[in-house]
Amino acid sequence: MNGNNKKYWKGIEELSNDPQFIKNSLSEFPDFLPIKESSNSSDEDSSNNGRRDFLKLLGFSVTAASLAACEAPIKKVIPYVNKPEDVDPGIANWYASTYQNGGEYASILVKTREGRPIKIEGNPMSSVTGGGSSARVQASVLSLYDTERLQYFKESGKKIKIDEADNKITAALNTSASIRIISSSINSPSTLSVISEFKNKYPVTEHIQYDANSVSGLLKANQISFGNYVVPSYDFSKANVIVSFGADFLGTWISPIEYSKQYAKGKKLGKSKKTMVRHYQIETNLSLTGSNADTRLPIKPSQEGLLVAELFNQLSSSKLTTKSIKNATIDKIAKDLLSNRGKSIVVSGSNDVNIQLIVNEINNLLGNYANTIDISKPCNLYKGDDTAMYNFIQDAKNGKISSVIFYNCNPVYDHPLGGELSSVLSKISTTVSFSDREDETASLCKFICPDTHYLESWNDAEPKKGIYSLAQPTITPLFKENRSAQESLLSWISTNPSNYYNYIQSYWSANILKTDFQSSWDLALHNGVFEVNSESLPSTFVSSDLSQISSEISKKYQSDNSAIEVKLYEKVGIGTGNQANNPWLQEFPDPISKVTWDNYVAVSHKYAKDNQLAQGALVNVTINGKAIDKPLPLVIQPGQANGTFSLAIGYGRSKAGKCANNVGVNAYPFLTYTNGTLQYYANNITISATGEVEALAQTQTHETIMARPIIQDSILSEYIKNPDAGRFHPMVTTPDGKKKPVEISAWSGEHKFPNHKWGMVIDLNSCTGCGACVISCQAENNVPVVGKKEVSNRREMHWIRIDRYYSSDAEMPEKGVDKYFKRDDGSTYNDLEQASENPQVTYQPMMCQHCNHAPCETVCPVAATPHSSEGLNMMAYNRCIGTRYCANNCPYKVRRFNWFKYFDNSKFPENTSMNNTLGKMVLNPDVTVRSRGVMEKCSLCVQRIQEGKLTAKKEGRRPKDGEIKTACASSCPSEAIVFGDMNDSETEIFNQLNLENKERAYHVLEELNVQPNVSYLTKIRNV
């Protein structure tokens, strides 16, 4: 009212301008609920809150969730003043490029938005990787935006200008008596040419390549057998029988993306193909490859040499005089190989030259060379020489090195003699590192000249002889005072250096594109790949001295070692540790153990039982007299060979960044150098329990499927007789008799799909469980990282998970009330939850099933999860109030609840893609960054569907099959996931569901009649 001077206040705090009231009034919402910490935490903000306190903070209602659902990140819009020519706001640009990281390789396509790379896909034009990718390739885009990267050159820990560094380094090199360039394997021909010119300028230079996970034994064996220090090209798609002695070729060995695609071709089935490759795996720890094998034999590392020799003796008239180990699996393998001459592959992951020589002899006996194995067109991904690296460290210790340059390597961390190297680096007059951060090696060097990220750089690659690919920058270097390693080397060669782009062009003009350069260059740059008919290497096989091999094998291997042995191995996610500061990879569930954010000691059920050790028990470990510096949690791992344990390399970083430092322990110091190569096992082990237990951050706590028909499988012989083999057809008992679930419905009407009906088919035969889809989905859909504690609280946020199921030795209890829980022999349903000592394994990607009778839709009080006219189960984030009724009602448990605001939140420092300005550049602008208190889940990449539809609409047509792919399908190296329009009879998904694999297709939990749009094809084993 006019003239009314009354003042109103809410309380005495407002009247008195209480400081705390003023502070709180500036925040629309109260602080988020505290994260559950360990019970010994004294921090009030991180106290151990129980359910009562949680409900109190929540207001015992959905009010807080309702308010939080309205909270959204503020986006500041800045218009272009002068728009870049190749940037259209809202429209993605794609660039062909190449991922290289040590021996890892993939030809890729990089998606950029407004000039920033946000997503990586495989390049389908590559004859090597064929459009596939891996978890590490997918995660590498986040490494571009790592705030731990150095932003300028350094000398003795202080900033230095590039020109000053060049002058000082050049002066030092000119007076050096001996120079070493130490690098990981390099397959870039232009980079190798730069190094060659550097050696010409400084003749005292020697270039030494080494690999953290070495295959030097294989390279040396081929040097003996063929005269060439190379890795051959393997083609697993041409093999009827595959035998692997510890080679994890689907996970980490040499070229897993390439091999996964080849392997999957041999596993695919349908009306037009009724044959399948048979795969045998002999190994210590359960690897990704071993988990996919038809037959798997767990062994101790000390037995491997004798078993390889036994196989050779069964195949050859010439004999190795090693101790014979009789084994039924080896007998079966020998018969299978003999009946498949020229159509088999035998490989070994051992770094022992003598084992590799025997494997070469076996492949030669079987006629595999020039059929499934091509030595004349070798793979260039791994070139490391363990002997050369060992000699370098000895020379450094003896004061024989004047200058050393470290390129794309970190030997102080990832070499077993790294500790010895670190103690003498200060005695070398000139030490230079090209590392992008002050890592364990770079921090000890006098000069650090930070290399640019591969997405900021020009480069090239020759993964196989005659097959080339180009890498081009997809963003201007984020840090202007950095420079590519190649340009640094060129600057130290010449006072007027060429930039590396011009250098690559000159090299390609002279050596690769010799005619019609410009048009050929433009085409190669557009496609990302280029192939030429190169001269083949000689491939004449020279037999080895069998008596010498027998002697070496007999000295090193034994059939009955009673001591505990350890196998050191590489994980699919973390790898050798060079991307350890990438939180996407740290939170990536290991395909086998499903553990995140840690490494651990994996032991067998028998060992744990005999020593009364529980899951998560902390143990102290000593290997070859060296004690691991802190206790490690124990994981009871089905498939682990009895009397052994396994430990992953790639952890235990101390100077990588906040996400990697002090996570796990460094296993590299426990490698041994024997007979010229590094060995990744040891048999002088002691393990002692501390009496404490640590909660593991696992995303899957159950192991088997408890005899439920979630995984439906059969064997090839049964499938040939009946394509319906292994299928479970549920029936529901009603007063009118048994009926199919689809005949009983509480729904009053059915959804209509007049135009598109999007769906997915997942072939369980093709899925290897590699997890590329998990990281691909995370990158595409802005899925947050929540950290180890939240994963331990079962609050992981991945939209797609890979369920890993083990087989059980227990039998299904008989039906009947009296025997339902316990049989006469004492066995129960609980026994079904105990995995076999050597289980069969099946992987099942699980995401929102987009049900047409969706249980979530019927219980949402605000209709936040509606059904689209194209078969998609949608999520309206700004409508969701966080009741979580939908999650409770989802039988697949694929919905994720935002317990906290993960962006702009110091409580989640590991979530670097949302909690620092640089990291946010990776976010996909087409996907909402979800707020606290809402539900989120797989959308079948609806943003991609809409983009594809709009593109087709502008061109006056319907979308073509294959031009719209979900992130998971596009990244899958084995093409296990097929996405498309089920209403279109011209699509591959229609073909799979209605023609090629109609009998194999099933829905998980079909008996519930939720009618998913995601189907699975039964798992068929060739046993």
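Me: Let's take buried to mean under 20% relative accessible area. What share of the residues in the protein chain is buried, then?

Reply: This is a predicted model, and in it 60% of the 1023 residues in the protein chain are buried.

Me: And how many helices and strands are there in the protein chain?

Reply: The protein chain has 30 helices and 41 strands. As for how they are tied together, take the contacts between residues at least 6 apart in sequence: 74% of them join residues at least 24 apart.

Me: Before I get into details, what is the mean pLDDT of the protein chain?

Reply: The mean is 89, and 90% of the residues reach 70 or more.

Me: Where does pLDDT stay under 50?

Reply: Residues 1–8 are one such stretch, and the model has zero contacts for them beyond four places in sequence. Residues 816–821 also stay under 50, but there the model has nine contacts beyond four places in sequence. Where pLDDT is low, the predicted coordinates should not be read in detail.

Me: Fair enough. Switching to helix packing: at what angle do helix 7 and helix 18 pack?

Reply: Helix 7 (residues 189–201) and helix 18 (residues 500–511) pack at about 100°, and their axes are 10 Å apart. With 65 to 115 degrees counting as roughly perpendicular, the two helices are therefore roughly perpendicular to each other.

Me: Which residues meet there?

Reply: From helix 7 you have Pro189, Ser190, Thr191, Ser193, Val194 and Glu197, and they meet Tyr500, Tyr503, Ile504, Tyr507 and Trp508 of helix 18. By class, that contact has seven nonpolar, three polar and one charged residues.

Me: What about helix 11 and helix 12, what's their crossing angle?

Reply: The axes of helix 11 (residues 304–315) and helix 12 (residues 328–338) cross at roughly 45° and come within 10 Å. That angle makes the pair oblique, and the crossing is right-handed. Leu307, Glu310, Leu311, Gln314 and Leu315 in helix 11 meet a set in helix 12 that includes Ile330, Asp331 and Leu338. The contact divides into eight nonpolar, one polar and two charged residues.

Me: And is the crossing of helix 13 and helix 20 left-handed or right-handed?

Reply: Left-handed. The axes of helix 13 (residues 353–365) and helix 20 (residues 546–556) come within 9 Å and cross at roughly 130°, so helix 13 is oblique to helix 20. In the contact, Asn354, Ile355, Leu357 and Ile358 of helix 13 meet Ile549, Glu552 and Ile553 of helix 20. Those residues comprise five nonpolar, one polar and one charged.

Me: Okay, single residues now. Where does Thr1018 sit?

Reply: Thr1018 is in the loop between strand 40 (1014–1017) and strand 41 (1019–1021). Its relative accessibility is 0%, so it counts as buried.

Me: What does Thr1018 touch?

Reply: Not counting residues up to four places away in sequence, Thr1018 touches Gln712, Ala725, Arg727, Leu764, Asn765, Arg1000 and Tyr1002. Also, the C-alpha atoms of Thr1018 and Asp763 are 7.2 Å apart, with their positions 255 residues apart in sequence.

Me: Last one: is Cys886 buried or exposed?

Reply: Cys886 counts as buried because its relative accessibility is 9%. Cys886 lies in helix 27 (residues 885–889). Leaving aside neighbours within four places in sequence, Cys886 is in contact with Cys856, Val859, Arg895 and Met935.

Me: How far is it, C-alpha to C-alpha, from Cys886 to Cys860?

Reply: The separation is 6.2 Å, and the two are 26 residues apart along the chain.

Conventions
Residues numbered from 1 in each chain as written. Predicted model: local features only at pLDDT ≥ 70, side-chain atom pairs only at ≥ 80, totals over all residues. Heavy atoms only, no water. Helix = DSSP H or I, 4+ residues; strand = E, 2+ residues; numbered from the N terminus. Buried < 20%, exposed > 50% of the residue type's maximum accessible area, 1.4 Å probe, protein only. Contact = heavy atoms within 4.5 Å. Axes fitted to C-alpha atoms, helices over the stretch in contact; angles between N-to-C directions. Parallel < 35°, antiparallel > 145°, perpendicular 65-115°, else oblique. Left-handed = near helix turned anticlockwise from the far one by under 90°. Nonpolar A, V, L, I, M, F, W, Y, C, P; charged D, E, K, R; others polar. pLDDT = per-residue confidence, 0-100.
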